[in-house]
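Reader: I would like a close look at one part of this protein, namely what is packed inside it. Please go slowly and say what each statement rests on.

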Amino acid sequence: MEAVTSAVEKVKGFIDSLFHRRQNSYSRNPVLIEILKRLQRESLSEQMKQRDRLDKVERLLSFYKLSKGSPFQEASTHVRAEVDVLGAVLLMGDIDQQHADALDRAEVRTGIHTRFTFETTMRQNDTLVADFVACQEGGKNVGNISGRSLSLAKLSYVANVGDWFYAIAVPVGAQCRDFDIARNYSHKAKGLTTISSLDPPLLSQHNGGAIGFTVRKSNVVASLAQSVSGLGVQLGSDGIGHCLSTFGQVVCQLSRGVNLSLMGLHQVPKSLNHRVSLRPLTIPIGFLKQRKASENSVGASASSLGTNTQEIVSTGSIALKLETELDENAKVGGWFEMQNSNSNLRWAVTISDIFNEDLGWGVTFSGMHDGSKGWNQYQLESFLDLCLGKRFSLKLGTSYVADGDAQIPALMLRCIWSL
């Protein structure tokens with residue numbers, strides 16, 4: 001035991017002597033001490049600089065949190081993308097211009113359509129939406145393919161004043177669909193053509209820029225919108241003009257799952273007396289009276305406008321839509337639309353199962369009648385909807401179009417990929 005204790009004491013003494021010797025060597029080396037002091041001063045200076053930067057960032061963040069002047073405060077933007085591909089295989093050999101016109105009137109819009117939607121929530125309840133669209137589709141002539149680069153298609157702002165009232169402003173790319181009660185359309189509600197989408201063509205009409213509001217009370221919802229479109233459109237040989245449109249809709253929920261919609265669109269073309277070119281979003285409404293011209297100029301303009309007064313007439317459309325649920329899965333709906341300009345009547349009846357997440361189906365029978373020409377068109381369409389996940393939909397179907405002497409059977413395929 002004494003031997004072990006003696007050995008431990010010797011080892012401890014050796015370590016102590018080694019430590020003191022190294023410490024004395026450091027103390028006798030002034031260059032090393034100076035280097036250590038300089039490194040300590042530099043590290044302290046760098047720490048102070050980093051602290052100043054952090055203080056500036058904290059002050060900037062606190063300023064934006066306390067500021068109430070910007071409507072984009074705490075705004076969050078969601079980006080959605082959709083690629084829509086529609087193709088058709090015509091089961092016929094000889095295709096002429098009559099068949100191509102029949103497909104165009106039946107609104108068989110084949111091609112590739114891409115849409116990017118940027119949606120920003122502002123002031124907690126308001127929504128700012130910008131849609132950018134690029135498409136490549138066929139023209140009226142067979143084999144004529146036209147493409148369009150990515151461009152701004154729509155810009156809208158929805159202000160929710162309360163649970164019963166909200167206002168909508170669409171300065172670019174307005175449609176009557178923007179003021180429809182069901183504004184959120186998913187790919188499940190899309191058929192193979194516009195006719196099979198459970199909505200009259202009136203809702204898909206482009207109206208330039210528009211502003212409107214919607215009022216909700218109990219089981220009745222009403223919408224009213226005013227739009228202006230066609231600025232710069234040539235009207236005859238005397239000037240250019242635009243078109244003022246008024247859209248109104250009343251939706252009544254008759255019972256559970258039964259909705260009745262009455263909607264109308266009234267369009268009034270306006271002409272300008274001179275050939276002027278207006279910039280976008282410049283709308284003349286004529287609050288100030290124009291200076292009266294002399295009798296000679298009036299007579300001259302009257303003679304020149306004689307051929308144009310028949311062109312500048314007001315037009316309108318009225319549509320009625322009824323939707324009801326047969327059971328938990330199936331829905332039946334129908335609509336008809338009448339245009340007073342040419343006594344054109346369009347109608348469609350659709351039975352579909354769009355509630356099933358994996359497999360859906362739909363059958364549509366539609367028609368068009370032109371009272372002035374005594375011309376009729378009928379279309380029968382059916383499809384199966386396969387949902388391969390939440391972001392990809394595949395629709396397989398058939399379409400048969402009878403337009404006068406032209407009869408066109410076709411196999412159709414539609415793919416919708418949401419990102």
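Author: What follows starts with the whole chain, turns to the buried parts, and then takes up some single residues and ring pairs.

The model is predicted, and the protein averages a pLDDT of 76, with 69% of the residues scoring at least 70. Two stretches call for caution. Over residues 139-145 pLDDT stays under 50, and the model has twelve contacts for them beyond four places in sequence. Over residues 289-310 pLDDT also stays under 50, with eight contacts beyond four places in sequence.

The protein has four helices and 16 strands. Of its 419 residues, 30% are buried. Among contacts with a separation of 6 or more, 54% are between residues 24 or more positions apart.

Now the part you asked about. In soluble globular proteins, nonpolar side chains tend to be buried together. Here the largest nonpolar core has 15 residues. The members that touch the most other members are Ile168, Cys176, Phe179, Leu202, Leu203, Phe247 and Met263. Two elements give two or more residues to this core: strand 5, residues 165-172, and strand 9, residues 258-271. Strand 5 provides the largest share, which is three residues.

Cys176 can serve as a way into this core. Leaving out residues up to four places away in sequence, Cys176 touches Leu202, Leu203, Gln205, Asn207, Phe247 and Leu265. Another core lies apart from this one; it has eleven residues, among them Leu103, Phe383, Val401 and Met412.

Leu103 leads to helix 3, which covers residues 97-105 and in which His99, Ala100, Ala102 and Leu103 are buried. These four residues lie on the same side of helix 3, because they cover an arc of only 160° around the axis. The cover over the buried residues of helix 3 includes strand 1 (76-90), strand 14, strand 15 (392-403) and strand 16 (406-418). After helix 3 comes Glu107, with a positive phi near 60°.

Strand 15 also holds Lys395. With a relative accessibility of 0%, Lys395 counts as buried, because the cut-off for buried is under 20%. The side chain of Lys395 has a polar contact of 3.4 Å with the side chain of Asp385. A polar contact of 3.5 Å also joins the side chain of Lys395 to that of Ser393.

Thr364 is another buried residue with a polar contact. Thr364 is found in strand 13, and its relative accessible area of 2% makes it buried. Its side chain is in polar contact with the side chain of Thr350, at 3.1 Å.

Strand 13 also takes part in a ring pair. The whole structure contains five aromatic pairs. In one of them, Phe365 and Tyr378 have ring centres 6.4 Å apart and ring planes at 5°, so this pair is stacked. The pair links distant parts of the chain: Phe365 is in strand 13 (residues 359-370) and Tyr378 is in strand 14 (residues 375-387), 13 residues apart. Phe365 is partly exposed at a relative accessible area of 39%, and Tyr378 is partly exposed at 39% relative accessibility. The cut-offs explain this label, because partly exposed covers the range between under 20% and over 50%. Elsewhere, ring pairs link Trp164, Phe165 and Phe213 into a cluster.

Two further residues show what lies outside the buried class. Leu152 is in strand 4, residues 145-160, and counts as partly exposed at 39% relative accessibility. Leaving aside neighbours within four places in sequence, Leu152 is in contact with Ala130, Asp131, Phe132 and Val172. Leu152 and Phe116 are 36 residues apart in sequence, and their C-alpha atoms are 9.5 Å apart in space.

Ser218 sits in the loop between strand 6 (209-217) and strand 7 (220-235). Ser218 is exposed, with a relative accessible area of 70%. Its phi is positive, near 55°, in a residue other than glycine.

To put the inside back together: the largest nonpolar core has 15 residues, with strand 5 giving the largest share. Another core, of eleven residues, lies apart from it and includes Leu103, one of the buried residues of helix 3.

Key:
Residues are numbered from 1 along each chain as its sequence is written. This is a predicted model: local features need pLDDT of at least 70, side-chain atom pairs count only at pLDDT 80 or more; totals for chains, interfaces and linings use all residues. Side-chain values use heavy atoms; hydrogens and water are left out. A nonpolar core is a set of buried Ala, Val, Leu, Ile, Met, Phe, Trp, Tyr and Cys residues joined through side-chain atoms within 4.5 Å. Buried means under 20% relative accessible area, exposed over 50%, partly exposed in between (1.4 Å probe, protein chains only). Contact means heavy atoms within 4.5 Å. pLDDT is the predictor's confidence in each residue, from 0 to 100. Rings of Phe, Tyr and Trp (its six-membered ring) pair if their centres lie within 6.5 Å; planes under 30 degrees apart count as stacked, over 60 as edge-to-face and the rest as tilted. The arc is that of the directions from the helix axis to the C-beta atoms. A polar contact is a pair of N or O atoms within 3.5 Å; within protein, one must be able to donate a hydrogen and the other to accept it, and residues adjacent in sequence count only if both atoms are side-chain atoms.
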